[in-house]
Every structure is written in structure tokens, then in C-alpha cells.
Amino acid sequence: MHARLYLIALFSLGALCARGGEKPTLHLTGNPSVDFFSDPKRMLNSSWSVTDASNFDMADESENGGKSPLLAGVLSLAIPGAGEVYTNSYLKAGIFAAIEATSWIVAYSYNKKGDRQTDLFQNFANAHWSASKYVNWVLENLGTLDPTGQSATYWGNRIYPNGYDPAHPPSYRPPYNQMSWHGINAMEDEVRQTPDNGFSHLLPPWNDQQYYELIGKYDQFSRGWDDAQDDLLSSGDLPVKSNSKLFYQYAQMRAQANHYYDVAGTWVSVAIVNHIVSALDAFWSATRLNKNLHAEVRLRPQPTEFGLVPVTEAKIRFDF
């Protein structure tokens with residue numbers, strides 16, 4: 001539509017000039033933006049000549065490719081590979097993005113494995129380890145474990161509020177509401193004051209993370225397992241050593257859970273390092289790109305049969 005209007009205008013102007021027998025003082029270049037929207041003074045014959053080319057030769061040259069190193073670094077620190085996309089380093093962007101995705105997928109997968117394994121060994125402990133069995137064994141062997149301490153009757157009545165009968169010791173399972181944990185820890189604290197008997201820790205509250213760790217880690221607690229032999233100790237049996245296979249089986253189950261969590265933690269560390277490395281790389285890539293990219297924009301007059309026409313030139317050079 002614009003082209004048709006332009007041709008009609010040219011035709012009309014030519015007809016008017018022919019009828020009047022006059023030569024127009026305004027030259028048309030054939031460029032609508034120049035003929036109708038440029039400064040009219042520049043369309044006059046007297047103002048358009050090759051000698052005036054210098055008036056239009058305006059250049060803007062920049063050695064900066066317009067990539068902000070700081071922005072590139074921040075983008076990749078937030079999302080690895082984003083800064084590389086910003087600096088047109090698409091291959092590296094893909095690599096960093098792939099490492100990021102892999103890291104979190106593997107970390108999540110192994111963390112879930114650790115959670116499942118934790119549920120497994122905790123349920124195993126609740127089924128096969130008893131705090132009351134452990135306490136009853138300690139009470140039966142107090143004379144050997146702590147010859148100078150309080151009697152079994154004294155500690156038994158403090159631990160079992162409903163009373164303690166050595167001939168018929170109570171037997172409970174989790175959550176052990178019938179037992180005083182304060183009494184258990186007080187007895188353990190006194191027993192561990194005697195050297196070389198193998199007692200070093202206090203039993204943490206049931207269902208605590210440390211509870212599940214210690215019962216499968218220290219021989220002191222080994223007599224609480226179902227298959228442990230409740231034999232009476234002599235001084236030659238000290239320090240206490242485990243005689244339970246379940247004790248070692250449980251320790252392996254916990255070790256497997258810890259292994260899963262360690263793998264998950266390692267891949268989280270990989271993801272963190274990936275963020276940092278990607279940010280540094282994006283910062284360096286933007287800096288290098290800016291140094292190697294040279295852009296030049298120039299406005300110059302182009303001689304034509306209708307006069308001088310302003311022409312814009314853009315030149316881009318990248319040094320490898």
C-alpha cells in the first residue's frame with residue numbers, strides 16, 4: 001500500500017513539473033523514508049553534494065559486546081548454565097545444566113534410600129532390642145560392674161516405679177512408659193565411674209536419633225538384643241563385649257543407611273560446586289567476549305542519481 005502511494009506521489013509530482021515547464025529543485029531518492037520523512041533542507045539540490053559527505057559520516061564504534069560479567073556470574077550462581085546462555089556459550093551451558101540436574105536427582109534418590117533404610121533399622125531395633133532387658137542385665141551384674149555402688153534393689157526401684165523383683169524382673173517394649181529414664185541414666189552414670197568395665201555412655205531417650213545409634217554401636221548396650229546371652233559376669237569378662245549377632249547385623253543396617261546419606265551429601269556438594277564453577281566461567285566468558293567483540297555503526301551518504309542518500313552500516317568483528 002505504501003509503495004503504491006509513493007508511486008502515485010511520484011507520478012503526480014512529475015506531471016505537475018512537466019505542465020509548468022519547471023524543473024523541480026527537490027530530488028527524490030526513491031527511498032520513501034528519505035523523501036518524505038527526512039529533513040527537507042537536505043533534499044534540496046544546493047545542499048546535496050558529494051563534497052558534503054563528511055557531514056554525514058558519523059561512526060559509533062564500541063569495543064564492548066554489551067555482556068555484563070557481573071550479571072552473567074549472578075545468573076549462573078542462581079541457575080548453572082544461565083550465565084553461559086547469556087554469553088552465547090551454549091555447549092558449556094548444556095554441560096553445567098546437565099551436571100546440576102544429575103546432582104539433584106542422584107542426591108534426592110539416595111536421600112530417599114537413606115530414609116527407607118532408616119525406617120528399616122529402626123523397626124528392626126524396636127522389634128529386637130529391649131531397654132528393660134538391658135537394664136535387668138545391668139542390675140543382675142552390678143556387683144561386678146560397680147562393686148562399690150548402690151545395690152540392684154535400690155536402682156531397680158528407682159527405674160521401675162511399680163517395683164522391682166529380681167526373681168521376676170519386668171519386661172517391656174517400646175515406648176517404655178513403665179520405666180524411669182532418669183533412673184536408668186543415673187544408674188549408668190554411677191556404673192561408668194568404675195574404670196575398665198566397658199561402660200561409657202548414657203542411654204538416650206527412646207526414639208531419639210542417638211538412641212538408635214548407640215544401641216548398635218557400643219558393646220555396653222549389646223545385652224539388650226533378643227539373642228544376647230544373659231550370663232553373669234566375672235571380673236575376667238570386663239570390659240563388656242557383645243555376644244549378639246543381631247547387634248552386628250543391626251550395625252550393618254545402620255551403616256548402609258549412613259552410606260546412602262553420604263552419597264546424597266556428596267552429590268549436594270557437587271551441585272554447590274557446580275554453581276560456583278558455572279558462575280566463575282560465565283563471568284570469565286562475558287569478560288572474554290567483551291574483549292574480543294568489536295562493533296561499529298556508521299552513518300554515511302550514498303551517492304545516487306537522485307542525490308545523496310544516508311545509509312547506515314553496521315560492522316561486527318570477533319577476534320579469536
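**Exercise 1. Getting your bearings**

What percentage of the 320 residues of the protein chain count as buried? While you're at it, work out how many helices and strands there are.

*Solution.* Keep in mind that you're looking at a predicted model. Start with burial: 34% of the chain's 320 residues count as buried. Next, go through the elements: you should get 11 helices and 3 strands. Walking from the N terminus, their order is α-α-β-α-α-α-α-α-α-α-α-α-β-β. Then turn to the outside, where the accessible surface of the chain comes to about 18,500 Å², with 59% of it belonging to carbon and sulfur atoms. Finally, look at contacts between residues at least 6 apart in sequence: 62% of them join residues at least 24 apart.

**Exercise 2. A long reach along the chain**

Find Ser109 and Tyr260, and say how many Å separate their C-alpha atoms.

*Solution.* Begin with Ser109, which you'll find in helix α5. Its relative accessible area is 32%, so Ser109 is partly exposed. Now jump 151 residues along the chain to Tyr260: the C-alpha atoms of the two are separated by 9.0 Å.

**Exercise 3. Sorting ring pairs**

Classify the pair Phe124 and Trp225, then the pair Phe247 and Tyr248.

*Solution.* There's plenty to choose from, as the whole structure holds 14 aromatic pairs. To describe a pair of aromatic rings, you need the distance of the centres and the angle of the planes.

Step one: Phe124 and Trp225 have ring centres 6.1 Å apart and planes at 40°, so this pair is tilted. Where do the two partners sit? Phe124 is in helix α5 (residues 90-128) and Trp225 is in the loop between α10 (209-214) and α11, so the pair ties together parts that are 101 residues apart in sequence. Both Phe124 and Trp225 are buried.

Step two: for Phe247 and Tyr248, the centres are 5.1 Å apart and the planes meet at 85°; planes over 60 degrees apart count as edge-to-face, so that is what this pair is. Check the surroundings of each partner too. Phe247 has a relative accessible area of 4%, so Phe247 is buried. Tyr248 comes in at 45%, which makes Tyr248 partly exposed.

Step three: look for rings that are linked into a group. Trp129, Tyr134, Tyr211, Tyr212 and Phe221 form a cluster through ring pairs.

**Exercise 4. Charges over rings**

Which ring does the charged end of Lys113 sit over, and which one does Arg254 lie over?

*Solution.* Take Lys113 to begin with: its charged end sits over the ring of Tyr110, at 4.5 Å from the ring centre. Then move to Arg254, which lies over the face of Phe121, 5.9 Å from the centre of that ring.

**Exercise 5. Backbone oddities**

Locate the cis peptide bond that joins Pro174 and Pro175 and the one that joins Leu238 and Pro239. Then find what is notable about phi in Tyr176 and Asn207.

*Solution.* Start in the loop between α8 (152-159) and α9 (181-191), where Pro175 lies. The peptide bond between Pro174 and Pro175 is cis, with omega about 10°. Stay in that loop, as Tyr176 is found between α8 and α9 as well. Tyr176 isn't a glycine, yet its phi is positive, near 60°. With a relative accessible area of 2%, Tyr176 is buried.

Now head for Leu238 and Pro239, joined by a cis peptide bond with an omega of about 0°. Pro239 belongs to the loop between α10 and α11.

Last stop: Asn207, in the loop between α9 and α10. Asn207 has a positive phi of about 75°, again without being a glycine. Its relative accessible area of 45% makes Asn207 partly exposed.

**Exercise 6. A nonpolar patch**

Which helix supplies the largest share of the nonpolar patch formed by Leu77, Ile272, Ile276 and Leu280?

*Solution.* Begin on the surface: these four, Leu77, Ile272, Ile276 and Leu280, have about 390 Å² of accessible area together. Then ask where they come from. Helix α11 (residues 245-292) gives the largest share, 3 residues. Ile276 is found in this helix. To finish, check its exposure: a relative accessible area of 44% puts Ile276 in the partly exposed class, which runs between the buried limit of under 20% and the exposed limit of over 50%.

Note on methods:
Residues are numbered from 1 along each chain as its sequence is written. This is a predicted model: local features need pLDDT of at least 70, side-chain atom pairs count only at pLDDT 80 or more; totals for chains, interfaces and linings use all residues. Side-chain values use heavy atoms; hydrogens and water are left out. Patches are made of residues with over 30% relative accessible area and no salt bridge: like charges are joined within 9 Å, nonpolar side chains (Val, Leu, Ile, Met, Phe, Trp, Tyr) within 5 Å. Accessible areas come from the Shrake-Rupley method with a 1.4 Å probe; for residues, only the protein chains shown count as cover. A salt bridge is a side-chain nitrogen of Lys or Arg within 4 Å of a carboxyl oxygen of Asp or Glu. Helices (H or I, at least four residues) and strands (E, at least two) are DSSP runs, numbered from the N terminus. Buried means under 20% relative accessible area, exposed over 50%, partly exposed in between (1.4 Å probe, protein chains only). Rings of Phe, Tyr and Trp (its six-membered ring) pair if their centres lie within 6.5 Å; planes under 30 degrees apart count as stacked, over 60 as edge-to-face and the rest as tilted. A charge sits over a ring if NZ of Lys or CZ of Arg is within 6 Å of the ring centre and within 35 degrees of the ring normal. Contact means heavy atoms within 4.5 Å.
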